[in-house]
Amino acid sequence: IRYDYTKTHPSEKMHLAVVACGERLEETVTMLRSAIIFSIKPLQFHIFAEDQLHESFKDILDDFPYEGKVNYTLYPITFPTESAAEWKKLFKPCASQRLFLPLILKNVDSLLYVDTDILFLRPVDDIWSFLGKFNSTQIAAMAPEHEEPRIGWYNRFARHPYYGVTGINSGVMLMNMTRIRRKYFKNDMTPVRLQWGEILMPLLKKYKLNITWGDQDLLNIMFFHNPESLYVFPCQWNYRPDHCIYGSNCKEAEEEGIFILHGNRGVYHDDKQPTFRAVYEAIKNYSFRDDLVHSLLQPLELELQKTMHTYCGRVYKVFMKQLTKSIRDLYARRSKG
């Protein structure tokens, strides 16, 4: 199902994909709002969702004031027919859909995949620009799972190979899909290198009893065997509660602020991490037609100051730093144009 609102040359668009199932409608829409607010170049959203969510997505997105810069396409959740049941029950419902994006979106050259619990605090354009920094062997970019090995999950508990010292987190994944489709991957199942579409099912069969985080674990295994293929970006592009609840351990965020906020483990919807929830609520409730400073930035800072009794609240200014800059830059662009 396709709903087009702008006529732009494909090369001018940034392609962003998300997979939404169950109760993730509101969270997904809030993520899309954050992408729209700050981004400069046109956006093409690829929304993979359960059939019963399609009408709700359409009703909400059709009501957004796009300012002529957003298209979206809705897709059903689809897995390879012969193994659909197995992929559906891996980790969370629908989560492994992301593994098949290079095979489904055959005409998309590059793509930014994000989980539903992502919030952009600066333009999508800025993470999109990492595509131009890939060397000739790199096909994807992700951030480390942990900055501090002493609290790392993979290096302490994993029963399978993983990338680097602490593994990688797949909640924000930038992909050159043309390169992914062309590449032959080294693996520990056969001396013959396998393409993306050939390697997924054998990997699942070999490791399904040893993986905890589903598709993210499979990606870790793949890039363990093909480390030259991964570009690793800093933690401020995928900032999670683990970066502050054990003390601040994302140095780049301390210096420049958080670029992409990742509220994993449901922290936008409970009281465990009120700092994360405050940012989510501020963006969810912001009206596109309101002034960003008075309707989003100032009320958010007041809410964040109330969280200073928590570990993440003690560093609440890292949650404000980039957001403040993004809003200032946005108004500067508007005044010029």
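## How two helices meet

A helix axis here is a line fitted to the C-alpha atoms over the stretch in contact, and the angle between two axes runs from 0 to 180 degrees, taken between N-to-C directions. With that in hand, let's look at α1 and α2 in this predicted model. The two helices pack at an angle of about 35°, and their axes lie 11 Å apart. The crossing of α1 past α2 is right-handed.

Who does the touching? On the α1 side you'll find L25, T28, V29 and L32, which meet L53, S56, F57, I60 and L61 of α2. Sorted by type, the residues of this contact come out as 7 nonpolar, 2 polar and no charged.

## The two sides of α2

Now stay with α2, which covers residues 51-61. Its buried residues are L53, H54, F57 and L61. Look down the axis of α2 and they fall within an arc of 115°, so they line one face of the helix. What do these buried residues pack against? Their partners are β2 (14-20), α1 (25-38), β3 (43-49) and β4 (70-75).

Flip to the face turned away from the buried side, and you meet the exposed residues Q52 and E55.

## A strand tucked inside

Further along the chain comes β7, residues 140-144. Here 5 of the 5 residues are buried, so the strand is largely enclosed by the rest of the structure.

Strand β7 pairs with β8 (residues 168-176) through 4 bridges, and the two run antiparallel; P144 has I168 as its bridge partner in β8. Strand β7 is also joined to β11 (residues 230-232) by 3 bridges, this time running parallel. There, A140 is partnered by L230.

How values were computed
Residues are numbered from 1 along each chain as its sequence is written. This is a predicted model: local features need pLDDT of at least 70, side-chain atom pairs count only at pLDDT 80 or more; totals for chains, interfaces and linings use all residues. Side-chain values use heavy atoms; hydrogens and water are left out. Buried means under 20% relative accessible area, exposed over 50%, partly exposed in between (1.4 Å probe, protein chains only). The arc is that of the directions from the helix axis to the C-beta atoms. Contact means heavy atoms within 4.5 Å. A crossing is left-handed if the near helix is turned anticlockwise from the far one by less than a right angle, and right-handed if clockwise. Ala, Val, Leu, Ile, Met, Phe, Trp, Tyr, Cys and Pro count as nonpolar, Asp, Glu, Lys and Arg as charged, and the others, Gly among them, as polar. Two strands pair if DSSP finds at least two bridges between them.
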